Amino acid sequence: MVLQVKSSNDIISCTELGSALATKSELTIANAFSENTYNLFVKYCNANGLTLFSELTGFDFDSLAYESGFGTVKIEKLKSKYEEILGNIAN
């Protein structure tokens, strides 16, 4: 998904937007994992009282294997996305 900024002709990706949001305010899990692929994870987080991306520090993504709907591939995608976002926030 690509968003166009109305004030200029700049086009930024969701990843860049997430990074920008994280530097200005606290990034939410729903914003960080906004793609359809991650809906189940966002619902899991909401049900378990996790709303901020920072609350995922130390989270054991592998423990999701015991939850309905989370297979190995989905868990690996979640881990990869988490690491990608961490890298963008750090840069």
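## A walk through the salt bridges and the core

Let's start with E35: at 29% relative accessibility, this residue counts as partly exposed. Keep in mind that the model you're looking at is predicted. E35 has a partner, K81, and the two form a salt bridge in which the closest N and O atoms are 3.3 Å apart. K81 sits in helix α4 while E35 is in the loop between α2 and α3, so the pair ties together parts that are 46 residues apart in sequence. Unlike its partly exposed partner, K81 is buried, with a relative accessible area of 7%.

Now zoom out. Along the sequence, the chain runs β-β-α-α-α-α, which gives two strands and four helices. Buried residues account for 26% of the 91 residues.

What about the inside? The largest nonpolar core has 20 residues, and F33, F41, L56 and L64 touch the most other members. Helices α2 (29–32), α3 (39–47) and α4 (72–90) each chip in at least two residues of this core. Take L64: leaving aside neighbours within four places in sequence, its contacts are F41, Y44, F59, F70, I75 and L78.

Back to the charges. Side chains of opposite charge can pair when their charged atoms come close. The chain has three salt bridges in total, and K79 takes part in one with D62, at 2.8 Å between the closest N and O atoms. That pair links helix α4, home of K79, to the loop between α3 and α4, where D62 lies 17 residues away. K79 also meets E76 in a salt bridge, at 3.2 Å from N to O. E76 and K79 are three residues apart in helix α4, so about one helical turn separates them. Together, D62, E76 and K79 make up a salt-bridge network.

Note on methods
Residues numbered from 1 in each chain as written. Predicted model: local features only at pLDDT ≥ 70, side-chain atom pairs only at ≥ 80, totals over all residues. Heavy atoms only, no water. Buried < 20%, exposed > 50% of the residue type's maximum accessible area, 1.4 Å probe, protein only. Core = buried A, V, L, I, M, F, W, Y, C linked by side-chain atoms within 4.5 Å. Contact = heavy atoms within 4.5 Å. Salt bridge = Lys/Arg side-chain N within 4 Å of Asp/Glu carboxyl O.
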